[in-house]
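Keep the structure open while reading. The route goes through charged pairs, packed helices and a surface patch.

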Amino acid sequence: MNKQQLATKIWESANKMRSKIEANEYKDYILGFIFYKYLSDKQVKFLKENDFTNEDIKALNEDDTETVKYIQSNIGYFISYKDLFSTWLELGKEFDVSNVRDALSAFSRLINSSHKKVFEKIFATLQTGLSKLGDSSGAQTKSISALIQLIKDIPMNEKQDYDVIGFIYEYLISMFAANAGKKAGEFYTPHEVSLLMSEIVADHLKEKNEIKIYDPTSGSGSLLINIGNSVAKHIDDENNIKYYAQEIKENTYNLTRMNLVMRGILPDNIVTRNGDTLEEDWPFFEENDPVKTYDPLYVDAVVSNPPYSQPWDPANKKTDPRYSRFGLAPKTKADYAFLLHDLYHIKPDGIMTIVLPHGVLFRGGEEGEIRKNLIEGNHIDTIIGLPANIFFGTGIPTIVMVLKQKREKTDVLIVDASKGFVKVGKNNKLRASDIKKITDTVIARQGIDKYSKVVTRDDIRNNEYNLNIPRYVDSSENAETWDIYASMFGGIPNTEIDELHEFWSALPDLRKDLFADISSNYSKVAVEDVKKAIREHHNVKEFIELYNKSFGDFHSYLKKELLSEMESINTSKEKVILSDDIFKRLEPIPLTDKYEAYQLLDDDWTKVSVDLEIIQTEGFNVTKTVDPNMVIKKKNGKEQEVQDGWVGHVLPFELVQETLLKDKLNQLKDKENRLLEISSEYGEIIDSLSEEEKESNVLNEAGDAFVNKEVTKKAKEIVAEFKASKQTVPKYTGAEDSFETKIVHVSNLIEENKELNKQIKKEAAELHLLTKKTIENLTDEQVLKLLEEKWIKPFVFSINNLPNAIIVYLATKIQALSEKYATTYSDVESQIQETEVKLASLIDELEGDEFDMQGLNEFKALLAGACYVEK
């Protein structure tokens, strides 16, 4: 399994196993055990790399002080053999919850002094929570055994361990957050929001060689790690990034430390603190040595997603240097208190990004005064409005605010990105193209109609320092208008045709060839088939030719980029290289949306990058391997994992069959299609039967003729009767045939169906095994061809289809304009009159008693009056 499949499997099982335990609580237990496995496996790996034999490892115990100190000095902790995660697995049925209690207790004792701040009390939440995993020692043992069996397959022996275990850890946190309701906000910032903030920060810091980043409300640490990952793309040595984190809740603080450690970040680069950010600022010194350790914390970047609008205590804070320049946030809402804390800790050339509720942009009182001071102090750089319902547990609108200590410009970039998202379950989610567009807009400080605007400080002053996004950027869709003249008399208003000005500018002759003037203000469609006229127009052909020329060598370019150097590609940087190439190709081509192309790239890259990581980790020949296809099936009332055939480790069976075994695959598909035809024929026969024939019970509408012995029996009788009279049963031709002919035909279908099912089952199994053998015996050239089919061809097809989508959109818009005013008021009036006349004539044909006729005559008079008034 790749890391995504493994993470999904672990989540699905863990979600079932947690039973009645809250998701927010259960995450601390499973993530704690994953972290313990990481530390345990890391120690074993270190020992083997330093010539420790299996016997040496089995002899490990804390009484061997020399070995203990050696291991502690190198990795920061020591775990005895009896307490290793692998030993727990070896114990089998002898494993007991006490093994875990003893191991966690021993770990706390055996942390090296140099690593105390990183590891001290890191398992406190897990230790206290063990009792919640069952009502008795036996129940706890059973729950923990299931947990360690679940996570045992997480790899820890390859060069990309940190990526795999980090990915799984992050995935589990996100899934627990999705199921934790309002408590999710305590520990998780959605990955897409983290990535957006990260890309903005990384661009600002890209010229630096050493970087300090800080999250004062770190939660699980995911936001801080994503910032680090983005910054690392621009720096030669990622060990030059130092991480500072502070978190008030102990269990969440432990998640931060675990997450940072598992990413392979050096312990010296991890500086964390469990404390109240607002009440106790980051200490300038250590209590045991205040003079020598004095060191105010100023960093290159601060990122945070603090709790929204929570109460705080501003008492005695007026002289606090964090707030003294700008003012104190109201005690009912700490949003600006967090913001000012972050701003205080960035260097003069630093940057900060913070997620806040939308209200901070326009609320008055103390917040209005702080906002004014920040604007006049020239600190607010950018405001990004996010889609609603993007965070787990809350649907309130939020923003990302970017601030700096010193700026040359005095304006503020305001971006309304609230319309760009995709709905996933109950939440909205930023797509890769949305993140890219926001990031590009922020970096270029670009004004885009209905999306972003660079607002001068004078404009903000004129609006009394109110930064509410709709005051500056109107992202609402234009309301549909109806032209009164066109509604009455027909024609298309030229003003509505003008709204497609981008197309008329790019395709200059198309408008005059599609439309004919009715008057100076109105036109009509001058062609019968709009779609055909557009596709065949010389401007459109030139546009497509220009596009095809720009992407003519794109397929070969991707082959060179992805296939030639696949074992050395930097996957995090390669996507940027590819997107830059696509944007460059699109630059001279009008009407195209480069972010739509970017989304296609991201969709494809998700698949490609996983394969590249596998190949780079396990070697090129891993493409020629298959894995058991493990599925969950019920046996004796219990769910069990059993093998159901094979799957390609990298290359899907379906792809290999479509490419290298096409003849055999087509033969199988022909038989499967014939089965569908048989079912269809049977349905037609059922529909053609009379009610009397259906009641014979030989054929019925239940569709169970293929297991109905009566059909076969009856057919044999009919065939025998025909033979006795020296005749043959007529061949079935259709619904008009006799009942006897239909019965015999259905009997033949039954036999054919049975035989086909046998053949399909046999041939499918043979093809499956042949595919396995084919993969295992692929040549290098065949592998490259298959990877080209998997990675490159689908993406190139999608990219090449973009012009077609543009043409279809234009044709649809013009068709809609044509139909909008096709029926005029005069047409409607004529139809009404015709209907009234027909209705009146129908009334004349009606009969009834005296009172009925009086009523009908009055109705007829009303109709006549209506006709008269209309005339």
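What follows is a walk through a predicted model.

Start with the charges. The count comes to 46 salt bridges. Three of them are worth a visit.

K208 and D300 make one salt bridge, at 3.5 Å from N to O. The two partners lie 92 residues apart and link distant parts of the chain. K208 sits in the loop between α11 (191-205) and β1 (211-215), while D300 belongs to strand β4 (residues 299-304). How do they differ in exposure? K208 has 22% relative accessibility, so it counts as partly exposed. D300 has 1%, so it counts as buried. The cut-off for buried is under 20% relative accessible area.

Next, go to D381 and R445. Their closest N and O atoms are 3.0 Å apart, in a salt bridge. This pair also links distant parts of the chain, with the two positions 64 residues apart. D381 is in strand β6 (residues 380-385). R445 is in the loop between α16 (432-444) and β11 (452-455). Both D381 and R445 are buried. Which residues join them in a network of salt bridges? K404, R407 and D411 do, linked with D381 and R445.

The third pair is E788 with K559, whose side chains meet at 3.8 Å, N to O. Here 229 residues separate the partners. E788 lies in helix α32 (residues 780-800), K559 in helix α24 (residues 554-563). E788 is buried because its relative accessible area is 9%. K559, at 33%, is therefore partly exposed.

Now turn to the helices. Two packed helices are described by the angle between their axes and the distance between the axes. Take α25 (residues 571-586) and α26 (residues 594-618). They pack at about 150 degrees, with axes 10 Å apart. That angle makes α25 roughly antiparallel to α26, because the cut-off is over 145 degrees. Their crossing is right-handed.

Then take α28 (residues 662-688) and α31 (residues 739-776). Their angle is about 155 degrees, and their axes are 9 Å apart. So α28 and α31 are roughly antiparallel to each other. The crossing of α28 and α31 is left-handed.

Finish at the surface. I484, Y485, M488, F489 and Y825 make a nonpolar patch of about 590 Å². Where does the largest share come from? Helix α18 (residues 484-489) supplies four residues. Y825 lies in helix α34 (residues 825-844). At 47% relative accessibility, Y825 counts as partly exposed.

Terms used:
Residues are numbered from 1 along each chain as its sequence is written. This is a predicted model: local features need pLDDT of at least 70, side-chain atom pairs count only at pLDDT 80 or more; totals for chains, interfaces and linings use all residues. Side-chain values use heavy atoms; hydrogens and water are left out. Patches are made of residues with over 30% relative accessible area and no salt bridge: like charges are joined within 9 Å, nonpolar side chains (Val, Leu, Ile, Met, Phe, Trp, Tyr) within 5 Å. Accessible areas come from the Shrake-Rupley method with a 1.4 Å probe; for residues, only the protein chains shown count as cover. A salt bridge is a side-chain nitrogen of Lys or Arg within 4 Å of a carboxyl oxygen of Asp or Glu. Buried means under 20% relative accessible area, exposed over 50%, partly exposed in between (1.4 Å probe, protein chains only). Axes are lines fitted to C-alpha atoms, for helices over the stretch in contact, and angles run from 0 to 180 degrees between N-to-C directions. Angles under 35 degrees count as roughly parallel, over 145 as roughly antiparallel, 65 to 115 as roughly perpendicular and the rest as oblique. A crossing is left-handed if the near helix is turned anticlockwise from the far one by less than a right angle, and right-handed if clockwise.
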